[in-house]
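Open the model in your viewer and show side chains as sticks. This tour goes from one charged pair to the next.

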Amino acid sequence: MKRILVCLDHSERETFVFSEARHFAERMNARAVLLQVIVPDHGLTLPDAESDPKTHEAAEEARRSLAELASHFPKANFDSVRAGVGEAWRVICQAAEDIDASFVLVGSHGTVGLEKLFGTTAEKVVRHCTRSVVVLRPSRP
């Protein structure tokens with residue numbers, strides 16, 4: 001069975017991405033892995049960030065939150081939840097490899113400020129991921 005990696009981030013687009021992921025998983029007869037990335041405080045580097053109590057608690061909270069969301073996913077189309085720590089696009093690309101994802105679903109929110117210069121997480125995932133990436137955009141009114 002195919003696996004899809006669904007990247008959620010507690011942003012205003014999370015509900016949209018989650019809803020689209022449910023439909024996508026059903027249509028593709030796939031099982032979803034829900035992922036949230038914890039970006040460490042700027043002063044911390046990996047592996048220090050992974051052992052930091054604040055980061056560890058944030059990862060646990062992410063897993064609990066994702067588990068709650070997962071309860072609204074069809075059982076036949078749900079696999080697991082994951083929380084990763086690090087630079088978002090790198091964690092997403094590695095998770096896609098780790099779970100042997102057929103697709104990665106990420107939300108897009110456009111570019112503003114420094115994102116225009118350095119690129120968004122979604123853009124970096126598209127450029128660097130070895131898996132197919134679907135960028136989900138809400139329709140504009």
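Start by selecting Arg13. In this predicted model, Arg13 is buried, its relative accessible area being 13%; the cut-off for buried is under 20%. Now add Asp9 to the selection. The two side chains form a salt bridge, with 2.6 Å from N to O. Is Asp9 buried or partly exposed? Asp9 has a relative accessible area of 38%, so Asp9 is partly exposed.

Step back to the whole structure for a moment. How many salt bridges does a search of the whole structure find? The search finds nine, and the pair of Arg13 and Asp9 is a salt bridge.

Next, select Arg3 and Asp79. Their closest N and O atoms are 2.9 Å apart, and the two residues form a salt bridge. Colour the strands to see what this pair connects. Arg3 belongs to strand E1 (residues 2–7) and Asp79 to strand E3 (residues 78–85), so the salt bridge ties together parts that are 76 residues apart in sequence. Switch on the surface: Arg3 is partly exposed at 31% relative accessibility, and Asp79 is partly exposed with a relative accessible area of 27%.

Last, select Arg64 and Glu57. This is another salt bridge, and its closest N and O atoms are 3.0 Å apart. Arg64 counts as partly exposed at 44% relative accessibility, and Glu57 is partly exposed with a relative accessible area of 42%. Keep both selected and add Glu61. Glu57, Glu61 and Arg64 are joined into one network by salt bridges that share partners.

Terms used
Residues are numbered from 1 along each chain as its sequence is written. This is a predicted model: local features need pLDDT of at least 70, side-chain atom pairs count only at pLDDT 80 or more; totals for chains, interfaces and linings use all residues. Side-chain values use heavy atoms; hydrogens and water are left out. A salt bridge is a side-chain nitrogen of Lys or Arg within 4 Å of a carboxyl oxygen of Asp or Glu. Helices (H or I, at least four residues) and strands (E, at least two) are DSSP runs, numbered from the N terminus. Buried means under 20% relative accessible area, exposed over 50%, partly exposed in between (1.4 Å probe, protein chains only).
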